[in-house]
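Please look at how the helices of this chain pack against one another, and then at how one of its sheets is put together. The account below follows the helix contacts before it turns to the strands.

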Amino acid sequence: MIRTPVLIAGAGPSGLAVAIELGRAGIPCCLVEPRTTVTTDRPRAKTTSARTMELLRRWGLADQVRAAAPLPVSYSQDVVFCSRVTGHEITRFSHAFGMYDGRRDELAECGQQIPQPVVEAVLREAVRELPSVTFLTGQRLLSAKDGTGGVRAELSDDVVEAGYLIGCDGAAGLTRDAIGARYEGSSGALPNLNITFTAPGLTEDLLCARAIHYWVLGADVGGIVGPMDLDGTWWAIAQGVREGDPVALVRALLGRDLDVEVRATDPWSARMMLADSYRGERIFLVGDAAHLNPPWGGHGYNTSVGDAVNLGWKLAAVLQGWGGPALLDSYEPERRPVAEQTIAAASAQESRLARAFARADLDTDPAARAEAAKALRAKEGEFHSLGLVLGYHYAASPLVTDDGSPVPEHDLLRYHGSGRPGMRLPHRWLPDGSSLYDHLGPGFTLLGNGNSAPLEREAARLGIPFTVLPTGGESVLVRPDQHIAWRGTTPDPAVLRRAAGHFA
Ligand SMILES: Cc1cc2nc3c(=O)[nH]c(=O)nc-3n(C[C@H](O)[C@H](O)[C@H](O)COP(=O)(O)OP(=O)(O)OC[C@H]3O[C@@H](n4cnc5c(N)ncnc54)[C@H](O)[C@@H]3O)c2cc1C
């Protein structure tokens, strides 16, 4: 029998992120995962968003993730549309997925292309270094019984009594059923086939351009191809294809009869699903267990990490005794709308897959390429989505004190920094070259010039970790997840109590 304050089911990106968030706060927890190792043959997510990179930086892991990435940002930041990978470029989207080879004022970190298993390997290592986390691989959750006082769970080899169960067990997991929740939504009309391959003859001089993703608009087969590393391993998504000879499909996408060795294939269909509830009594859903969206735009895993950080700091606060009862109730109202918005944005791209722009004359007719290039501007939201990735907010959250100012219109493409309560604290680089975010404390942080004494006293009374950062300007109260809880001139202790969940 294992007794633990928190059982985490599943060590994909969500479960690993929850374990890191809790482990950094010293909360004892047990992470259970059937996979003993991670393999790179089925890379799934390739895009780590700028926001996820910022959250990795918050854990001190951004540099490790970049060092592990087989493709440096400097290699390319562009998505290229082409007739074939070795054919003609049609158009390109530069600085796709928030990638910049250098600093940007509005970002503590820019985006990174990196296969999901490589990120998972870095996170697994980080988890193993956290003394309060017990990481059990080769075991799965078999059943879970939710209750007001805790959760009783059956694993393959043990029984667990836990204060809380965090369901990070993905789309096929069982925690959704355990709380009586169900996915609502629909599936994409077309099947897709992922192919991981090597093609030693696909040398740089044959490529139509240098890019991180090549969207191939072939009349016979269309899809996406991208380098996994600089050593000749590639991934492809053949769109609208359930099966078929993967070598022939790859050759068609490349536009050359090169030697191709297929390492793995994986058929899948896009799904747009949102769980109707994110929690039971003591069981919470995080990541794919709660929501699924098509991979277009690369949001699924990034949204999952956002969920994990949101729930993680709140659960740690409750277990450390300084988080009030309303804190955990705020998880679903804060995160479910973010998933809803992300699903809508990614689903909008389902009607704009390669076949929607395919033409037989793209290799031969420059005018056809120019026409296609014009039509392809409709896909901008898939590649330029900093507004979605950084601009989501919790303005309607019960934890956030409304200052009466209008909530900025949510431009999904472009990020417009705003200091309105609920928004991510606008980032800036400080004169010494450090990031403003690096100076935020582990709990709440009060920025500005105001009188901090009333909040400091209240924080001490409630045991809330509290940092004062005299930055000048108006006072801004920042949460552990870098979102703004309150701003104004005279800090009232009530705003801190509210932000920490101390209200009925
Ligand atoms: C082709 C493709 C491309 C994608 N591209 C992107 C992208 O570019 N960017 C992006 O952000 N997202 C992308 N995604 C989505 C991304 O892969 C998922 O959103 C992400 O893996 C979700 O993480 P998770 O931890 O919630 O779930 P998962 O990664 O599914 O992890 C769930 C974990 O739970 C474990 N598990 C299952 N059952 C049990 C059980 N009973 N007990 C214990 N453990 C269990 C599993 O072994 C697994 O490790 C893509 C997905 C696909 C299919």
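In this predicted model, the axes of helix α7 (residues 300-320) and helix α9 (residues 331-347) cross at roughly 175° and come within 10 Å of each other. Because an angle over 145 degrees counts as roughly antiparallel, α7 and α9 are described as roughly antiparallel to each other. On the α7 side the contact is made by Thr303, Gly306, Asp307, Asn310, Leu311 and Lys314, while α9 contributes Tyr331, Glu334, Arg335, Ala339 and Thr342. By residue class, this contact of α7 with α9 divides into three nonpolar, four polar and four charged residues.

Helix α7 also meets helix α2 (residues 50-58), and here the two axes come within 9 Å and cross at roughly 40°. That angle falls in none of the ranges for roughly parallel, roughly perpendicular or roughly antiparallel, so the remaining term applies, and α2 and α7 are therefore oblique to each other. The crossing of α2 and α7 is left-handed. Which residues bring α2 and α7 together? From α2 they are Thr52, Leu55 and Arg58, and these meet Tyr301, Asn302, Val305, Gly306 and Val309 in α7. The residues of this contact of α2 with α7 comprise four nonpolar, three polar and one charged. Gly306 of α7 takes part in the contact with α2 and is also listed in the contact with α9.

For the wider setting of these helices, UniProt, in an unreviewed entry, places the feature "domain: FAD-binding" at residues 3-344. Over residues 3-344 the chain is 27% helix and 30% strand, and the C-alpha atoms at the two ends are 40 Å apart.

Further along the chain, an open sheet of four strands follows the order β19-β18-β20-β21, and its pairing is mixed. Its edge strands, each pairing on one side only, are β19 (466-469) and β21 (484-488). On average, and with direction ignored, neighbouring strands of this sheet are turned by 15° against each other.

Within the sheet, strand β18 (residues 444-447) and strand β20 (residues 475-478) run antiparallel and are joined by three bridges, and Thr445 stands opposite Val478 in β20. Helix α13 (residues 453-462) lies across β18, β19 and β20, and this helix runs at about 160° to β19.

How values were computed: Residues numbered from 1 in each chain as written. Predicted model: local features only at pLDDT ≥ 70, side-chain atom pairs only at ≥ 80, totals over all residues. Heavy atoms only, no water. Pairing = 2+ DSSP bridges. Axes fitted to C-alpha atoms, helices over the stretch in contact; angles between N-to-C directions. Contact = heavy atoms within 4.5 Å. Parallel < 35°, antiparallel > 145°, perpendicular 65-115°, else oblique. Left-handed = near helix turned anticlockwise from the far one by under 90°. Nonpolar A, V, L, I, M, F, W, Y, C, P; charged D, E, K, R; others polar. UniProt positions renumbered as here; feature names shortened; annotations may be inferred.
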